[in-house]
Amino acid sequence: MVQGLGKDYDGSEVLKDVSLSVDRGEVLGLVGPTGAGKTTLLRLINLLERPTAGSITFGGLKLTECSDAEKVAIRRRMAMVFQKPVMFSYSVYYNVSYGLKIRGIKDKCEVEAVLKEVGLGSYAHREATTLSGGEAQRVALARAIITKPELLLLDEPTANLDPKMAKIIGDLILRQADGGAAVILATHDMGLCLRLSDRTVVLVNGRLLATGRAEEVLGL
Amino acid sequence: MNEILACLVRAIELIVTLNPEVLGVTSLTLTISIFTTFLGALINLPLGGLIYFRSFRGKGLFIHLIRTLYSIPTVVVGLLIFLLISRSGPLGFLGLMFTPGGMILGQTVLVTPILMSLTISALEGVSRQVRETAISLGANEYQAIMTVVKEARQAILAAVLLGFGRAISEVGVAMMIGGNIRGYTRVLTTAIALNTSMGDIELSLALGIILISLSLIVNLLLGLLLVGIKGQGGIMGPKVR
């Protein structure tokens with residue numbers, strides 16, 4: 001849950017008084033124009049940046065007051081997919097199994113299955129840095145969901161995908177929610193938001209303008 | 001022209017017949033250069049990493065200073081080390097003057113700016129998003145740092161090679177600290193200088209050919225290593241299942 005969240009960069013206000021919550025099994029759509037603060041909001045929730053005001057609560061813990069060690073433990077219950085994901089310069093297999101490896105999980109038999117889910121079943125041994133934008137985005141999603149996060153933060157997860165693949169990835173996101181994950185989906189794609197989100201929030205100039213069902217807040 | 005050709009033939013003869021002097025000088029050169037590179041890497045790769053990953057006052061200035069020391073003349077380093085380890089110097093009690101150990105110490109000081117600053121540059125070359133991605137996937141600080149280091153592995157290895165190149169081709173420190181003692185501290189570069197001044201061009205040429213060949217071999221080995229690293233995880237990276 002995010003309460004009264006604010007973020008300044010050198011005096012410039014990027015987010016102001018943003019409050020929202022997302023429950024397990026729910027997909028929360030986050031829509032707004034470029035520069036509205038969607039990515040900043042996801043980064044704050046993922047503890048990649050410190051808010052200048054407000055608080056973030058996750059599983060009863062106030063994240064803004066946690067120690068560094070606690071933050072690592074909390075981050076391991078989340079996963080974030082960036083809009084322009086960076087691939088580690090090893091194989092696709094290495095990239096997808098990264099989250100398992102750093103958690104000390106030796107059993108990596110799920111890697112192949114997750115790659116199949118994102119339509120990259122035969123890509124395990126490919127050099128990840130040679131993938132196209134769409135393929136890299138799918139690997140990034142596979143890398144995020146393999147750890148079965150309780151909170152999945154997605155920043156434009158279908159931006160580089162064709163409509164067919166976007167549908168497959170949309171279905172995969174829904175399966176994550178059905179599996180009990182809370183999903184925050186930042187997107188420009190109104191269709192995707194309409195299809196996937198249980199609730200939608202509209203962010204403009206760092207301020208929350210509306211919250212509700214996608215059809216209502218998007219006027220569709 | 002004929003004279004040069006005759007020198008070249010004689011030089012190749014010296015190499016092919018495994019001339020004991022040529023072998024001895026080559027072996028000592030390799031030993032000192034490898035130890036220097038190893039010691040330099042052991043000290044400067046972690047230090048370079050520490051400087052890159054930590055914030056401190058005057059960090060930018062410090063990095064500029066290290067980069068300036070790239071071009072420090074080897075005789076200046078030789079002189080400083082000479083003052084340090086000569087009998088009346090603060091480290092004179094170690095008895096390193098005119099020993100291979102002293103040469104390794106001097107050359108390690110010489111390769112320090114190269115190894116340290118190229119390590120920093122290698123890490124600077126890795127996108128900041130790599131670290132963020134690692135953190136967002138649950139890496140702790142150490143794991144995130146190691147992920148960045150692994151991403152910089154090719155550039156770091158190239159820095160080590162450059163350090164080796166600097167060590168093997170160096171004359172000033174080897175001459176001033178080693179003293180060019182036959183069979184003890186005489187290395188390829190100092191032997192070439194001495195034999196040329198004594199008019200033994202064939203031997204100088206033979207040693208020169210070996211010196212260039214060694215650099216070539218090391219470069220080729222590094223090339224193979226880099227291909228290995230890129231293709232399969234290599235020496236520092238995990239292997240693909």
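Select A:L196 and show its surroundings: leaving out residues up to four places away in sequence, this leucine touches A:V27, A:G170, A:I173, A:L174 and A:L185. Keep in mind as you click around that this is a predicted model. Now colour by secondary structure, and you'll find A:L196 sitting in helix 7 of chain A. Is A:L196 buried or exposed? It counts as buried, because its relative accessibility is 2% and the cut-off for buried is under 20%. Before moving on, try the distance tool on the C-alpha atoms of A:L196 and A:V183: you should get 9.9 Å, for two residues that are 13 apart along the chain.

**Next stop: chain A as a whole**

Zoom out and show chain A as a cartoon. You can trace 8 helices and 10 strands here. Turn the chain around slowly; its C-alpha trace spans about 45 × 45 × 30 Å along the principal axes. The radius of gyration is 17 Å, which agrees with the value near 17 Å that a compact globule of 220 residues would have. Colour by accessibility if your viewer can do that: 55% of the 220 residues in chain A are buried. Then think about who touches whom. Taking the contacts in chain A between residues at least 6 apart in sequence, 67% join residues at least 24 apart.

**Into the cores**

Select A:V92, A:V96, A:L115, A:L154 and A:I169. These belong to the largest nonpolar core, which has 38 residues, and they touch the most other members of it. Which elements of chain A give two or more residues to this core? Highlight strand 6, helix 3 (92–102), helix 4 (110–117), helix 5, strand 7 (151–155), helix 6 (163–178), strand 8 (182–187) and helix 7 (190–196). Helix 5 of chain A gives the most, with 7 residues.

Now centre on A:L115. Apart from neighbours within four places in sequence, it is in contact with A:V92, A:V96, A:L120, A:G121 and A:A124. After that, pick out A:A36, A:L48, A:A186 and A:V201, which are among the 29 residues of a second, separate core.

**Looking for empty space**

Time to hunt for gaps. Rolling a probe the size of a water molecule over the atoms shows where empty space is left. How many cavities of 30 Å³ or more are there? The count comes to 2.

Head over to chain B for the largest cavity, which holds about 40 Å³ of space. To see its lining, select B:T29, B:I32, B:S33, B:Q107, B:A167, B:I168, B:E170, B:V187 and B:T189. Helix 2 (20–53) and helix 8 (153–168) of chain B each supply at least two of the lining residues, and helix 2 has the largest share, with 3. Colour the lining by residue class and you'll get 4 nonpolar, 4 polar and 1 charged.

For the last stop, show both chains and select A:M80, A:V81, A:F82, A:A140, A:R143, B:T133, B:S136 and B:L137, which line the second largest cavity. Strand 6 (78–81) and helix 5 (133–145) of chain A, together with helix 6 (128–136) of chain B, each give two or more residues to this lining. The volume here is about 30 Å³. By class, this lining has 5 nonpolar, 2 polar and 1 charged residues.

How values were computed: Residues numbered from 1 in each chain as written. Chains lettered and ligands numbered in written order. Predicted model: local features only at pLDDT ≥ 70, side-chain atom pairs only at ≥ 80, totals over all residues. Heavy atoms only, no water. 1 Å grid on protein atoms, 1.4 Å probe; cavity = no way out; pocket = protein on both sides within 12 Å on 5 of 7 lines; lining within 4 Å. Points joined across faces, edges and corners; volume = space filled by probe spheres on them. Helix = DSSP H or I, 4+ residues; strand = E, 2+ residues; numbered from the N terminus. Nonpolar A, V, L, I, M, F, W, Y, C, P; charged D, E, K, R; others polar. Core = buried A, V, L, I, M, F, W, Y, C linked by side-chain atoms within 4.5 Å. Buried < 20%, exposed > 50% of the residue type's maximum accessible area, 1.4 Å probe, protein only. Contact = heavy atoms within 4.5 Å. Rg over C-alpha atoms; globule rule 2.2 N^0.38 Å.
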